[in-house]
Every structure is written in structure tokens, then in C-alpha cells.
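Here is a short briefing for a first look at a protein model. Keep the sequence and the 3D view open while you read.

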Amino acid sequence: PALASQAAPHTASPRWPSLRCLPPLLSPDGPRSAVNHHSRASCARAHAGAACDASAGDRGAARAAAFNVKDLPGISGPLGFFDPLGFSTDASEGKIKFYREVELKHARVAMLASLGFLVGENFHPLFGGNIDVPSYIAFQETPLQTFWPAVMLAISILEVFSVFSFNSPLGGEPWSIRSDYESGDLGFDPLGLKPTSAAEYKEMATKELNNGRLAMFAIAGMVGQELATGSKLF
């Protein structure tokens, strides 16, 4: 075999398998060679498995390192990154994305509510135009108060779609959002206002959050003042 390998280049025979591919019991060097061959194959598989595990661990570490809560939109002056209670200290990416989704929903509702107080107390043509009361009790003055089940059903239809953004609670972290989900993205942009640039999108998202945070304080103050005085603000 040695002379043959020197006389001509080694080529794989189309009929006979390479001796290195023979099963251990058919190795030409006898039982000891068979044991050695089997040991080398086992070691090779063990090293390959360890390499795969290390590679998977590196990928997981890379994903964890790629996410940084301080890179999210909504961090601006004068406070910068503001988390005095440490909600994000030991939280996972999925949990932080859940917190952000909750903040965005409350911010959007608060902005609509603040606008509703301002407009509704000055312009109220619906239901005959006779509902001229403080906004905190305006809903009770309409016939809609008898249709609470229908109102809750309408709200729940919208909320059902958000369930698909969550990680599965079966074996995963409960109340956490998928890492590939873009916070606040409801697929609703009829005017095409969403920027294509990542930097411009982050700036717009920060503006939305800051306005929403202000609106949450504003609507709380509006409701509190009307509860205290019993009269309209506007």
C-alpha cells in the first residue's frame, strides 16, 4: 500500500471503501487497532459536541451583549437614563420589552384621553349635544353605559392581537415579549409616517414616549382636579 501511494496519487475507489472508513471490527490491524480507532472516533465526536456547545454559548452571549436597555428610545435629557427603582437591573430582554410595551400602551391611551378632555368639554355634538358635563362623568351620561359588555369586547379584540408578541409561558419566561418584536408596532401607519432610517425612527419613538409620559401626568391631574372641584376644566 505504501509503494502504491507513492507511485500514484491517492484516489477514492468507486468500489472499495477507504480502510479508514471500515468498521472497527474489520480494521486490518487487528482488535487493538479497532479499539484505538473507536476511541479516536469517540474523542472526535466529543470534541465536535463541545465545539458546538461552545459555539451556541457564544451566540447566546452575543445576543445578550447586543441588547442594552440604555440603547432603547426614550432616554433623553435632562434625566437621561432614569430607573431609580431598578426595574431593569436584573430583568431579561423579554421582560424589559414587556415593560416598554406597557409604557407605550398607557402613553397612547393617556394622549388620547388628554385630547378627549380638551375637545369633549368644548365640542360635544353627539347624543343631541346635551351632554355638557365634566369629562370624568361624561361617559355615564351617554347611553353607552348600558353597553359595557360590547365596549369590553371591542377592547379585547384589539388586545388579542398583542398576545402573539409574547413568549410562550410554557417553559419560557412569563410576561415577556419576543426579542424580534418591535415595541409598539401594531402594523398601523396609514399616513406612512414611520421613518426608514434607524436614527430617525429612534428620535420619533423618543418623542412619542416623552409626549406620552407627559400625557400620563396630565390626565391624572385633569381627573384629579375635576374630582376635587366637580366642575369642567375647559
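The points below go from the overall fold to single contacts.

This is a predicted model, where local features need pLDDT of at least 70, side-chain atom pairs count only at pLDDT 80 or more, and totals for chains, interfaces and linings use all residues. Residues are numbered from 1 along each chain as its sequence is written, and side-chain values use heavy atoms, with hydrogens and water left out.

**Overall fold**

- The protein chain has five helices and zero strands. Helices (H or I, at least four residues) and strands (E, at least two) are DSSP runs, numbered from the N terminus.
- Read from the N terminus, the order of elements is α-α-α-α-α.
- Of the 234 residues in the protein chain, 17% are buried. Buried means under 20% relative accessible area, exposed means over 50%, and partly exposed lies in between (1.4 Å probe, protein chains only).
- The protein chain exposes about 17300 Å², and carbon and sulfur atoms supply 66% of this area. Accessible areas come from the Shrake-Rupley method with a 1.4 Å probe; for residues, only the protein chains shown count as cover.
- Among contacts in the protein chain with a separation of 6 or more, 59% are between residues 24 or more positions apart. Contact means heavy atoms within 4.5 Å.

**Core and surface patch**

- The largest nonpolar core has five residues: Ala110, Phe117, Ala215, Ile219 and Met222. Such a core is a set of buried Ala, Val, Leu, Ile, Met, Phe, Trp, Tyr and Cys residues joined through side-chain atoms within 4.5 Å.
- Helix 3 and helix 5 are the elements that give two or more residues to this core. Helix 5 gives the most, with three residues.
- Ala110 touches Gly212, Ala215, Met216 and Ile219, leaving aside residues up to four places away in sequence.
- In soluble globular proteins, nonpolar side chains tend to be buried together.
- A nonpolar patch also lies on the surface: Leu115, Leu118, Val119, Phe123 and Phe234 make about 480 Å² of it. Patches are made of residues with over 30% relative accessible area and no salt bridge; like charges are joined within 9 Å, nonpolar side chains (Val, Leu, Ile, Met, Phe, Trp, Tyr) within 5 Å.
- Val119 of this patch sits in helix 3 (residues 93–120). Val119 is partly exposed, at 39% relative accessible area.

**Aromatic rings**

- There are five aromatic pairs. Rings of Phe, Tyr and Trp (its six-membered ring) pair if their centres lie within 6.5 Å; planes under 30 degrees apart count as stacked, over 60 as edge-to-face and the rest as tilted.
- Phe98 and Trp175 form a tilted pair, 5.7 Å centre to centre with 50° between the planes. Phe98 lies in helix 3 and Trp175 in the loop between helix 4 and helix 5, so the pair ties together parts 77 residues apart in sequence.
- Phe98 is buried, at 17% relative accessible area. Trp175 counts as exposed, at 57%.
- One aromatic cluster holds Phe87, Phe98, Tyr99, Phe166 and Trp175.

**Salt bridges**

- The structure holds eight salt bridges. A salt bridge is a side-chain nitrogen of Lys or Arg within 4 Å of a carboxyl oxygen of Asp or Glu.
- Lys105 and Glu159 meet in one of them, at 3.0 Å, N to O. This pair links distant parts of the chain, with Lys105 in helix 3 and Glu159 in helix 4, 54 residues apart.
- Lys194 and Glu182 form a salt bridge at 3.1 Å, N to O. Lys194 and Glu182 both lie in the loop between helix 4 and helix 5, and the pair ties together parts 12 residues apart in sequence.
- Glu203 bridges to Lys207, with the closest N and O atoms 3.7 Å apart. Glu203 and Lys207 both lie in helix 5, four residues apart, about one turn of the helix.
- Arg100, Glu103 and Arg213 are joined into one network by salt bridges that share partners.

**Backbone details**

- Most residues other than glycine have a negative phi, and most peptide bonds are trans.
- Trp175 has a positive phi of about 55°, although it is not a glycine.
- Gly77 and Pro78 are joined by a cis peptide bond, with omega about 0°. Pro78 lies in the loop between helix 2 (31–66) and helix 3.
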